[in-house]
Every structure is written in structure tokens, then in C-alpha cells.
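Q: Could you take a close look at one part of this model for me, the place where helices meet, and then walk me through what surrounds it?

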Amino acid sequence: MDVWKRFGEKEVSHSMAHYLQAVAALKIEKGHARVGDIAEHLGVSKSGVTSMMRALQSRELVTHEKYGCVELTLAGQRLAQRTESSRRVLTMFLSDILGVPENIASEDACMIAHLVSPEVSIELLRLTSFMRSQHAAAV
């Protein structure tokens, strides 16, 4: 199958990745993640969060009981961590290596982080580290 046709086969959409990352961030920040907390964190409605939690639960990425806390499953945790890691690597690559202004690099990295395979993320990190070390050695 052509690559462009597989675009929709990614594990999660851009929005789903943000919700997973919000749950992970709130768990660290507050020790829990409730629908209202997620809504406030993302600037969306509680009904929108509830709808997304159903979608994420159907993919076995979160567990959520009505009026209870949202918990990431092991798969949800891994996906949230991988997406956040890819976002950081992409931001660093775009800003430090390509010279893209930080605000643009951060925004673009956010838009594509959930699309990048772990293999590409690792190689970008290696390349970025190498290029930074070469630059530091030259200075």
C-alpha cells in the first residue's frame, strides 16, 4: 500500500496524543487526572474530554469510570512518553540544527511528533547530538 494511504493508520490522531500527554502531565502535577482537570488543561469542554476518553478507552489507552479519575494504561503511558520524547527531539533538531526559531520549531514539532516512528526519533537524536558536539568542538 502507498505510504500516503497509511497516514490514517497511525496509532492515534494529533488530538488523541494531546489528551494522552495531558493525562500524563496532570498525573505528575496533581497526582490525578479528572475530566474537569483535563478540560481546563487543554482548554476544551468537559463533554469533549468525555467523548475523547471513550475513544481512548476503546483503544485500550486509558481507563475511566464515570466521575472517576482517568488512568493511562501501560500502552497509553508508553505512547504519551514516546510522543513527548519525539516532540522534544524534533524541537531540538529544528531549532538547534536547522536554526528554526524556537516558537516555530516547538509548534511544528508538536504537529508531527505523533507521526514519527521511534526509529526516526532515535536517529534524529543521534544526528542532533553529533551535530551539537561537532559545533561545540569547533568553538
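A: One bit of vocabulary before we start: a residue is buried under 20% relative accessible area, exposed over 50%, and partly exposed in between. Also keep in mind that this is a predicted model.

By that yardstick, Cys110 is partly exposed, because its relative accessible area is 23%. Cys69 counts as partly exposed too, since its relative accessibility is 26%. As for disulfides, the structure holds zero.

Now for the helices. H1 covers residues 14–30 and H4 covers residues 74–97. Their axes come within 9 Å and cross at roughly 100°. Angles of 65 to 115 degrees count as roughly perpendicular, so that's what we call H1 and H4 relative to each other. Who does the touching? On the H1 side you'll find Ala17, Leu20, Gln21 and Ala24, and they meet Gly76, Leu79, Ala80, Thr83 and Glu84 of H4. Sort the residues of this contact by character and you get five nonpolar, three polar and one charged.

H1 has another neighbor to look at, helix H2, which runs over residues 35–42. Here Val35, Asp37, Ile38 and Ala39 are buried. The buried residues of H2 pack against H1, and also against helix H3 (46–58), strand S1 (62–64) and strand S2 (70–72). Follow the chain just past H2 and you reach Gly43, which takes a positive phi of about 70°.

Conventions
Residues numbered from 1 in each chain as written. Predicted model: local features only at pLDDT ≥ 70, side-chain atom pairs only at ≥ 80, totals over all residues. Heavy atoms only, no water. Axes fitted to C-alpha atoms, helices over the stretch in contact; angles between N-to-C directions. Helix = DSSP H or I, 4+ residues; strand = E, 2+ residues; numbered from the N terminus. Parallel < 35°, antiparallel > 145°, perpendicular 65-115°, else oblique. Contact = heavy atoms within 4.5 Å. Nonpolar A, V, L, I, M, F, W, Y, C, P; charged D, E, K, R; others polar. Disulfide = S-S within 2.5 Å. Buried < 20%, exposed > 50% of the residue type's maximum accessible area, 1.4 Å probe, protein only.
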